[in-house]
Amino acid sequence: MTRRPDLVVLYNAGPNVTAAKQLERAGIQTVLIDLNRLEDLGPAARTLGRLTGRQEQAESLAIVLDSLAGRPPPPSTTSLAFIVWDNPPIIIGHGSYLDQLAAQAGARNVFGDIAAPSAQVSLETIVARDPQWIAVLSDSTVPPAFAKRREWRAVRAVREGHFLLLPGSLFGRPGPRSGDAIAQLRARLAR
Amino acid sequence: MKWTLLALVAVLALLLSVVLGPAAVPFGELLRSDIVWNLRAPRALLAFLVGGSLGVAGAGLQALVRNPLADPFLLGLSGGAGLGAVLAIALHLPGPWALPIAAFLGALAALGLVYRLGLVGGASLDPRILLLGGVAIGAFAAAITTAIVSLADAAELRNAFLWLWGGLSGASWDSVLIVALYAPIPLAVLFAASRPLDLLALGEESAGYLGADVDEVKRRVYLAASLLTAAAVAVSGVIGFVGLVVPHIARLTWGHRHRSLLPAAFLGGGALLAFADTLARTVVAPRELPVGVVTALIGVPVFALLLKRWTIA
């Protein structure tokens with residue numbers, strides 16, 4: 001509040017809703033933005049354009065982003081599992097933006113039947129679903145530490161070193177560079 | 001008869017852990033399946049060893065502090081283990097075993113601090129000071145853990161809490177071997193203290209008159225139970241209710257004599273955790289429940305039922 005911004009942009013989630021109300025009471029304009037899925041990008045761009053007086057540029061960007069979200073995914077040629085955490089194994093389900101990225105890049109998320117954005121599963125479920133790739137959000141170039149754990153070696157993709165290490169800045173959340181993320185994932189899967 | 005029944009329950013719990021799972025393994029292929037040999041079998045055995053260890057540690061600590069609410073994690077060990085785990089991630093310690101080892105060391109550090117507090121002013125491990133010290137050290141470690149997590153950028157640091165909530169996903173033949181080699185020593189120390197623990201129930205002064213070396217017994221039981229719990233937390237995080245509820249259930253059936261109570265708590269704790277883990281893996285498959293949720297959902301109603309029958313009788 002001491003910096004008196006003209007506008008505070010907040011991600012629409014529990015504690016931020018309260019913070020937005022407090023800031024509004026202090027006379028600071030706020031906006032809560034849903035940014036969880038590809039289809040949220042276009043509306044977010046339009047909202048920010050309206051609030052910053054750049055509606056024309058925002059509309060042009062929003063049209064591109066809407067087309068990205070509305071594009072029918074290509075037929076899947078490979079399969080993957082996104083591993084968020086190894087112990088307990090937390091995977092990405094259908095409700096997540098990463099599931100959309102995989103579909104648009106031509107890969108089937110083996111946990112696409114789980115409606116939630118993420119879920120805890122048993123390691124044996126990952127073994128049974130046998131993804132061709134294990135995708136991990138990581139800025140590192142070396143496979144994650146769990147790749148060396150004996151129990152994880154039961155997963156074929158781990159044994160064969162089929163890891164997709166995806167930088168968090170590009171793949172971590174939906175944004176104007178989501179198109180780049182899809183193209184990069186597609187290219188890596190094709191290698 | 002009741003020992004046979006308990007042994008059968010334990011064997012059944014282990015068999016179910018191996019036969020049932022979220023992945024469909026045909027019955028005829030159970031003995032050849034990689035999923036069974038490399039994932040289910042070590043997980044079932046680890047669940048049994050951890051559950052048994054927590055059951056015995058709980059029974060020993062409840063006798064030591066003469067408090068029915070004593071739980072192996074009440075003495076600050078979970079806070080210490082959590083701090084160790086979070087530090088391992090924050091400092092990017094390399095290697096697949098960094099997190100469990102750091103958690104074990106964190107639990108040992110908490111154990112050492114509580115132990116020192118228990119000796120302050122020549123108090124010779126006063127149960128009240130052990131309990132208060134355990135709660136204080138646990139809260140202090142939890143506060144530092146929360147500070148690190150809230151200040152850190154790494155999103156994965158928050159996932160350390162997932163590990164800390166407890167589970168057996170990290171089970172492998174390596175972890176089974178480590179626990180199988182480590183646990184018998186503190187277990188043997190606790191079993192050997194059965195008679196002095198019976199005497200301790202009469203009060204420290206009476207136990208001393210009846211020939212027990214009270215200070216030595218308290219030291220041995222505290223260290224053995226804590227070392228057992230530290231190993232359990234290192235391989236499976238903090239799994240609640242087993243160490244609290246199982247000794248009470250065993251006491252209601254086998255009485256207060258530790259010679260029977262401790263083996264019953266081991267078999268009962270092992271069976272409960274193996275069974276709870278099978279449910280955790282299967283009831284919401286392909287998703288998995290945190291096993292601590294299941295131990296509470298099974299353990300508390302069973303405990304309440306036994307308590308009711310015991311009170312009416």
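Biologist: Hi! Before we look at Asp130(A), what makes a residue count as buried or exposed here?
Modeller: Happy to start there: a residue is buried if 20 or more other C-beta atoms lie within 10 Å of its own, and exposed if 12 or fewer do. Keep in mind that this is a predicted model.

Biologist: Thanks! So is Asp130(A) buried or exposed?
Modeller: Asp130(A) has 12 other C-beta atoms within 10 Å, so it is exposed.

Biologist: And what about its phi?
Modeller: The phi of Asp130(A) is positive, about 50°, although the residue is not a glycine. Asp130(A) sits in the loop between helix H5 (123-129) and strand S7 (133-137) of chain A.

Biologist: Now Phe241(B), please. What is its phi?
Modeller: Phe241(B) is not a glycine either, yet its phi is positive at about 75°. You'll find Phe241(B) in the loop between helix H12 (214-236) and helix H13 (242-254) of chain B.

Biologist: Is that one buried or exposed?
Modeller: Phe241(B) is buried, because 23 other C-beta atoms lie within 10 Å.

Biologist: Let's switch to chain B as a whole. How many helices and strands are there?
Modeller: Chain B has 15 helices and zero strands. Its radius of gyration is 19 Å, close to the 20 Å that the globule rule gives for 313 residues, so chain B is as compact as a globular protein of that length.

Biologist: Nice. What box do its C-alpha atoms fill?
Modeller: Along the principal axes, the C-alpha atoms of chain B fill a box of roughly 60 × 55 × 35 Å. Of the 313 residues in chain B, 52% count as buried.

Biologist: What about contacts far apart in sequence?
Modeller: Take the contacts in chain B between residues at least 6 apart in sequence: 76% of them join residues at least 24 apart.

Biologist: Changing topic again, how many residues of chain B are in contact with chain A?
Modeller: On the chain B side there are 25 residues, in contact with 22 residues of chain A. Helix H2 (34-65), helix H7 (160-164) and helix H8 (173-182) of chain B each supply at least two residues of that side. The largest share, five residues, comes from H2(B).

Biologist: And by class?
Modeller: The side of chain B that touches chain A has ten nonpolar, eight polar and seven charged residues.

Biologist: Last one: which peptide bonds are cis?
Modeller: One of them runs from Asn87(A) to Pro88(A), with omega near 5°, and Pro88(A) is in the loop between strand S3 (78-86) and strand S4 (89-92) of chain A. The bond from Ala285(B) to Pro286(B) is also cis, with omega near 10°.

How values were computed
Residues numbered from 1 in each chain as written. Chains lettered and ligands numbered in written order. Predicted model: local features only at pLDDT ≥ 70, side-chain atom pairs only at ≥ 80, totals over all residues. Contact = placed C-beta atoms within 7 Å. Helix = DSSP H or I, 4+ residues; strand = E, 2+ residues; numbered from the N terminus. Nonpolar A, V, L, I, M, F, W, Y, C, P; charged D, E, K, R; others polar. Rg over C-alpha atoms; globule rule 2.2 N^0.38 Å.
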